[in-house]
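Here is a short note for a colleague who is opening this structure for the first time. Please read each point with the structure in view.

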Amino acid sequence: MKQAVRQHKLLLTVTLLFSIITSAAGVLIALVLQKVIDAALQGDLGLFREILLLSLVYLLLLGVFGFIYSLSSKALIRNLTISLRERVFRGVFRQNAEAFSASNTADYLSALTNDIKLLEDHYIQPMLQVLQNIVVFAASLVVLLYLSPLVTAILVGCMVLMFAIPSLFGKALQTKQSAVSSQMSIFTSRLKDLLSGYEVIKSYAMGRYAEQTFKEENHRAANIRFAADRMFALNESVSHTLAILTQFAVVFIAAYLIITGNLSAGSLVALVQLSGGFVGPVLVIMENLPKIQGIKPVLERIDLLAEVNNEPITEGLTPVFNNSLEARNLQFKYTQGKPVIKDISLSLEKGKKYALVGPSGCGKSTLVKLLTGYYDSFDGIIELDGTDLKRLDREQLQQMVSTIHQNVYMFDSDIRHNICLHEEFPDEMLDRALQTSGIHKFLQHTPNGLLSPVGENGLQLSGGQRQRIAVARALIRNKPLLVLDEGTSAIDMQTAYEIESRLLKLEELTLITITHNMNEELLGLYDQIIYMEDGIIAEMGSLKELLERGDKFRSFYTLEKEEVPAAG
Ligand code: ADP
């Protein structure tokens with residue numbers, strides 16, 4: 001937040017300056033009233049004309065300054081919310097993979113929408129109002145002292161009482177506001193879950209359950225907000241009653257002073273007017289201070305996200321991959337959990353093809369993620385051509401590896417954009433990628449070819465088509481290391497076979513395929529099969545070697561072969 005404010009220093013200064021000018025000028029109305037009433041009661045026409053003229057000039061200036069203040073404060077709010085959102089978004093993306101996946105994406109959504117709105121309503125706006133009203137208050141105090149020190153003393157007494165109230169509510173409101181923010185985050189998360197699960201909900205006739213869940217969450221979120229609002233209501237009504245009490249006190253004391261001949265009628269009107277200008281600001285400050293205090297937890301949450309910069313250093317050594325990718329005594333576990341990679345030593349040679357196989361959950365994907373620099377907090381050593389992976393420039397390293405996952409994320413755009421991802425490629429490269437990935441086969445049947453939209457997360461395409469786009473996405477970039485993490489599992493067997501055998505023929509490419517497809521012909525084309533079991537490499541060798549000498553892989557292979565692979 002502080003950085004965002006610092007970024008808009010000039011606009012903030014202009015806003016504060018005009019806030020001070022308009023607020024202070026507003027107080028002068030009381031003096032105008034006093035002078036014009038006293039002039040009227042004395043029958044002084046010359047003075048009356050003079051005051052009238054001055055008042056017109058004053059009004060004009062007040063209007064212009066008021067407009068400038070209003071405009072600059074709105075522009076300030078706009079700029080601050082833009083900056084805050086940008087900072088939070090950048091912070092979210094600058095997190096490393098481990099930190100990012102520690103929170104639900106709905107939390108981030110909520111921070112970027114609900115929390116920023118809360119900050120606008122409960123921090124920025126109240127802060128501006130408080131500042132403005134402090135000025136009105138100070139200016140009124142000066143004029144009041146000039147008019148009647150006695151009335152001023154009474155007003156100050158009442159005011160002390162009024163200031164004591166918000167401190168009683170502050171702490172409780174802070175807890176309540178924090179609860180509102182957390183509940184909104186849960187609400188967004190549930191909503192996202194329900195909307196993303198549309199297909200499951202429909203096909204399992206869970207409509208009622210979804211409605212009921214939504215109803216409960218909706219009520220819970222609204223009620224928690226109402227609990228905070230109840231406290232605001234109490235705070236506001238106590239403040240208002242005290243404010244009216246104060247104004248009553250002023251009128252009665254001033255009237256008494258007139259009766260005893262110590263005050264002019266004009267001064268009475270001015271005092272009443274000023275007591276409004278004195279009490280009003282205190283009221284606004286009292287209403288807003290608990291809001292500002294209460295928003296602290298939300299502010300901290302936003303600041304925490306906005307200041308994240310735990311992405312690995314991007315100024316490391318330039319990665320070179322001419323020989324090997326090696327791991328020695330590699331061990332890894334996720335933040336909360338037992339070791340997933342227990343003790344792995346492995347050497348992958350450039351240009352060779354590796355099939356990584358083993359039962360689900362044995363750590364295949366995790367191993368590949370570690371080898372490609374996705375996670376940082378492992379024990380042991382990983383080296384690319386002899387250089388420690390942790391010393392390499394992370395962005396350049398990412399540019400050397402393509403990974404094709406089982407679930408491919410598709411941006412809501414056309415096929416071409418989903419392959420090229422904001423980059424330009426020569427037509428020949430695109431054509432080659434379309435051929436190797438087998439996209440050309442289904443492209444003939446789409447209405448607009450490469451420009452056909454894929455829908456939200458590729459919903460208009462089949463799983464197999466999405467995977468073929470992912471293959472093309474990876475191939476067009478011509479990266480030296482390709483990881484297929486069950487990357488062709490949804491493609492029909494014939495096309496999957498064609499794609500994989502084409503990839504196996506690319507000499508320069510180092511390929512790591514995580515697969516459950518125990519196709520003998522395909523596995524026979526791999527240089528090495530790495531068979532994993534429970535976080536370790538149990539056996540490694542060519543298909544022939546493993547089938548002849550080992551028994552662990554052989555029994556896995558025999559069992560898996562009996563299962564029919566998925567096709568789509
Ligand atoms: P495989 O690819 O062999 O199926 P994974 O490497 O995906 O296995 O998972 C190995 C183990 O690590 C599993 O027990 C899984 O539950 C756990 N795991 C995988 N990803 C995460 C994660 N992001 N956070 C916590 N645990 C995970």
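1. **A loop residue to begin with.** Asp534 sits in the loop between S9 and S10. Keep in mind that this is a predicted model. Asp534 counts as exposed because its relative accessibility is 54%, and the cut-off for exposed is over 50%. Its backbone also deserves a look: Asp534 is not a glycine, yet its phi is positive, about 45 degrees. Most residues other than glycine have a negative phi.

2. **The partner of Asp534.** Which residue forms a salt bridge with Asp534? It is Lys342, and the closest N and O atoms are 2.8 Å apart. Lys342 belongs to strand S2 (residues 341–349), while Asp534 is in the loop between strand S9 (528–533) and strand S10 (536–541), so the salt bridge ties together parts that are 192 residues apart in sequence. Lys342 is partly exposed, at 33% relative accessibility. Asp534, at 54%, is exposed.

3. **A second positive phi.** Asn329 is not a glycine either, and its phi is positive at about 45 degrees. This residue lies in strand S1 (residues 324–332). Is Asn329 buried or partly exposed? Asn329 is partly exposed, with a relative accessible area of 44%.

4. **Salt bridges at large.** Side chains of opposite charge can pair when their charged atoms come close. How many salt bridges does a search of the whole structure find? The search finds twelve. One of them joins the side chains of Lys352 and Glu349, at 3.5 Å from N to O. Lys352 has a relative accessible area of 30% and is partly exposed. Glu349 is partly exposed too, at 41%. Elsewhere, salt bridges that share partners join Arg190, Glu217 and Arg220 into one network.

5. **Inside that network.** The side chains of Arg220 and Glu217 meet at 3.2 Å, N to O. Where do Arg220 and Glu217 lie? Both are in helix H8 (residues 207–259), three residues apart, which is about one turn of the helix. Their surroundings can be compared through their accessibility. Arg220 is partly exposed, with a relative accessible area of 41%. Glu217 counts as buried because its relative accessibility is 6%, and buried means under 20%.

6. **The ligand site.** Which residues are around the ligand? They are Tyr334, Val340, Pro359, Ser360, Gly361, Cys362, Gly363, Lys364, Ser365 and Thr366. Several polar approaches can be picked out. An oxygen atom of the ligand is 2.8 Å from an N or O atom in the side chain of Ser365. For Lys364 the partner is a polar backbone atom, 2.9 Å from a ligand oxygen. With Tyr334, a nitrogen atom of the ligand is 3.3 Å from an N or O atom of the side chain. Taken alone, the ligand exposes 560 Å², and the protein buries 57% of that.

7. **Annotated membrane segments.** An unreviewed UniProt entry lists residues 12–31, 51–71, 127–147, 240–259 and 265–286 under "transmembrane region". Two of these can be checked against the model. Residues 12–31 are 100% helix and 0% strand, with the end C-alpha atoms 30 Å apart. Residues 240–259 are likewise 100% helix and 0% strand, and there the end C-alpha atoms are 29 Å apart.

8. **A nonpolar patch.** Leu10, Val14, Leu60, Val64, Phe67, Ile68 and Leu71 form a nonpolar patch on the surface. Together they have about 680 Å² of accessible area. Helix H2 (9–42) and helix H3 (45–94) each supply at least two residues of the patch. Which helix gives the largest share? H3 does, with five residues. One patch member, Phe67, is found in helix H3 and counts as exposed at 53% relative accessibility.

9. **A long span.** Val57 also lies in helix H3. At 48% relative accessibility, Val57 counts as partly exposed. How far is its C-alpha atom from that of Gln494? The two are separated by 86 Å, and the residues are 437 apart along the chain.

Technical notes. Residues numbered from 1 in each chain as written. Predicted model: local features only at pLDDT ≥ 70, side-chain atom pairs only at ≥ 80, totals over all residues. Heavy atoms only, no water. UniProt positions renumbered as here; feature names shortened; annotations may be inferred. Helix = DSSP H or I, 4+ residues; strand = E, 2+ residues; numbered from the N terminus. Patch = residues over 30% accessible without salt bridge, like charges linked within 9 Å, V, L, I, M, F, W, Y side chains within 5 Å. Areas by Shrake-Rupley, 256 points an atom, 1.4 Å probe, with all protein chains shown as cover. Salt bridge = Lys/Arg side-chain N within 4 Å of Asp/Glu carboxyl O. Buried < 20%, exposed > 50% of the residue type's maximum accessible area, 1.4 Å probe, protein only. Near = heavy atom within 4 Å. Polar contact = N/O pair within 3.5 Å; in protein donor to acceptor, adjacent residues only side chain to side chain.
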